[in-house]
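Trainee: Please take me through this structure, starting with the terms on which its description rests.

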Amino acid sequence: MSLRIYNTLSRALEDFSPLEPGHVRMYVCGMTIYDLCHIGHARMMMAFDVVQRWLKASGLRVTYVRNITDIDDKIIKRALERNITIRQLTDEMIAAMHQDIAQLGIEPPTVEPRATEYVPQMLALIGQLQGKGLAYASGNGDMNYAVRKFPGYGKLSGKSLDELRAGERVAVQEGKEDPLDFVLWKAAKPGEPPEAQWASPFGTGRPGWHIECSAMSCATLGETFDLHGGGADLQFPHHENEIAQSEGATGQPLARFWVHNGFVRVDNEKMSKSLGNFFTIREVLAKYDPETVRFFIVRAHYRSPLNYSDAHLDDARSALKRLYTALDAVAPQTPAAIDWTEPHAARFKAAMDEDFGTPEAVAVLFDLATEVNKTRSPALAGLLKALGDCLGLLQGDPKAFLQASASLDD
């Protein structure tokens, strides 16, 4: 393969080939499901939707696992606030997420494990860590991970233990031997509902966040797999802790490639619920059609910051209209297999093979649209549509899109 991917672990572009010839196994940290998804979440899921689409377009089979965290402090708090069960809350929010992202053309993963379905695997993993001296019981009933006993800690974030210690705010008296240590199993607390508690060899409680992904990825993809993805904010501590847990238990590398997408920004600040500067997918789709939103996200490189504004979405809609106008002028041929030696297709492939370079790939679509407008070639129009499909674009009826856009412009 000619594909190169930026590996956060090595901080370099590396040639990619799967461990198992012809088959890519990838795990992406999904949603903690207590509220509606916002456009920052959409950006993460869109980034890896494009990744798996391109891997498939490159002739590879992909097993794509994107988990759901359905037990968490925020989930418990929200369920109690609404006076409903945790399962009622998470089922409702999962259904809403599926509805919202389906509108954006984000394909479902091969496997979508829920954390609560993998508690036995989490307990087994904690037992392994305890047996190797990497986990210990604290006075408050929690099971913690002993970070300083894992030699490779900090390799993903690129920080030394002393640097990480300097930024740590957790007090030692919370039951930890070291402030850097993190919880593997949380002891049950007064007031928590019974459905948030599991019996275990370590006492009644529930799993910590980090152990969930280590257990789910191993159970669905094996001890070592090809690609692990997620938002840049997960690089530390979540992904760093996953490495410590999984590699501490198995002695094997967790993932060969670590891939992180950039933030969505509003007024130069990261979009987040904690800052209150977020827009839900539903709020955005109330003003803009789904393909415009998809195009707005896809045309930026997945690792770059994405600046959210109505002006940028308006520009995305105008740009998408140019592509659909070219398709509207010529009835494209029935999409056929792409001839990757054709000059436009070759440029598109070169762009996508260089760390999923969607900005350059989209530029090829516009060059191709210009040629379609000049030549009125059905073959080129068909190629435009086929290349657009690699990004989840241009599969709608051109006239319908243009008519809908015209009504919005009035």
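Mentor: Two strands pair if DSSP finds at least two bridges between them. Strands (E, at least two residues) and helices (H or I, at least four residues) are DSSP runs, numbered from the N terminus. This is a predicted model, in which local features need pLDDT of at least 70 and side-chain atom pairs count only at pLDDT 80 or more, whereas totals for chains, interfaces and linings use all residues. Residues are numbered from 1 along each chain as its sequence is written, and side-chain values use heavy atoms, with hydrogens and water left out.

Trainee: Which residue in β4 is the bridge partner of R25?

Mentor: Strand β3 (residues 23-32) runs parallel to β4, and eight bridges join the two. Strand β4 spans residues 61-69, and eight of its nine residues are buried, that is, under 20% relative accessible area (exposed is over 50%, partly exposed in between; 1.4 Å probe, protein chains only). Within this pairing, the partner of R25 is T63.

Trainee: Which residue in β9 stands opposite M26?

Mentor: Strand β9 covers residues 225-231 and is largely enclosed by the rest of the structure, because seven of its seven residues are buried. Three bridges join β3 to β9 in a parallel arrangement. Opposite M26 in β9 stands L227.

Trainee: Which residue in β10 is the bridge partner of G231?

Mentor: Strand β10 (residues 255-261) pairs with β9 in the parallel sense, over six bridges. The β10 partner of G231 is N261.

Trainee: Which helix gives the largest share of the largest nonpolar core?

Mentor: A nonpolar core is a set of buried Ala, Val, Leu, Ile, Met, Phe, Trp, Tyr and Cys residues joined through side-chain atoms within 4.5 Å. The largest one here has 130 residues, among which F48 and F348 touch the most other members. Its largest share is eleven residues, from residues 39-57, helix α1.

Trainee: Which residues does F48 contact, leaving aside neighbours within four places in sequence?

Mentor: Contact means heavy atoms within 4.5 Å. F48 is one of the two residues that touch the most other members of the core. Its contacts beyond those neighbours are M26, V28, Y64, L227, G229, G230, V259 and N261.

Trainee: How are helices α2 and α3 oriented to each other?

Mentor: Two packed helices are described by the angle between their axes and the distance between the axes. The axes are lines fitted to C-alpha atoms, for helices over the stretch in contact, and angles run from 0 to 180 degrees between N-to-C directions. Those of α2 (residues 73-82) and α3 (residues 86-103) come within 9 Å and cross at roughly 105 degrees. Angles of 65 to 115 degrees count as roughly perpendicular, under 35 as roughly parallel, over 145 as roughly antiparallel and the rest as oblique, and therefore α2 and α3 are roughly perpendicular.

Trainee: How many charged residues are in the contact of α2 with α3?

Mentor: I75, I76, R78, A79 and R82 of α2 meet I86, L89, T90, E92 and M93 of α3. Ala, Val, Leu, Ile, Met, Phe, Trp, Tyr, Cys and Pro count as nonpolar, Asp, Glu, Lys and Arg as charged, and the others, Gly among them, as polar. By class there are six nonpolar residues and one polar, and the number of charged residues is three.

Trainee: Is D355 buried or exposed?

Mentor: D355 lies in the loop between α11 (343-353) and α12 (358-375). Although not a glycine, D355 has a positive phi of about 60 degrees. Its relative accessibility is 2%, so D355 counts as buried.

Trainee: What is the relative accessible area of R11?

Mentor: R11 sits in the loop between β1 (4-7) and β2 (12-15). R11 is not a glycine, yet its phi is positive, at about 55 degrees. Among the contacts of G158, leaving aside neighbours within four places in sequence, is R11. R11 is partly exposed, with a relative accessible area of 39%.

Trainee: Which strands are the edge strands of the sheet β5-β6-β7-β8?

Mentor: This is an open sheet of four strands in that order, with antiparallel pairing. Each edge strand pairs on one side only, and the two are β5 (135-137) and β8 (205-207).
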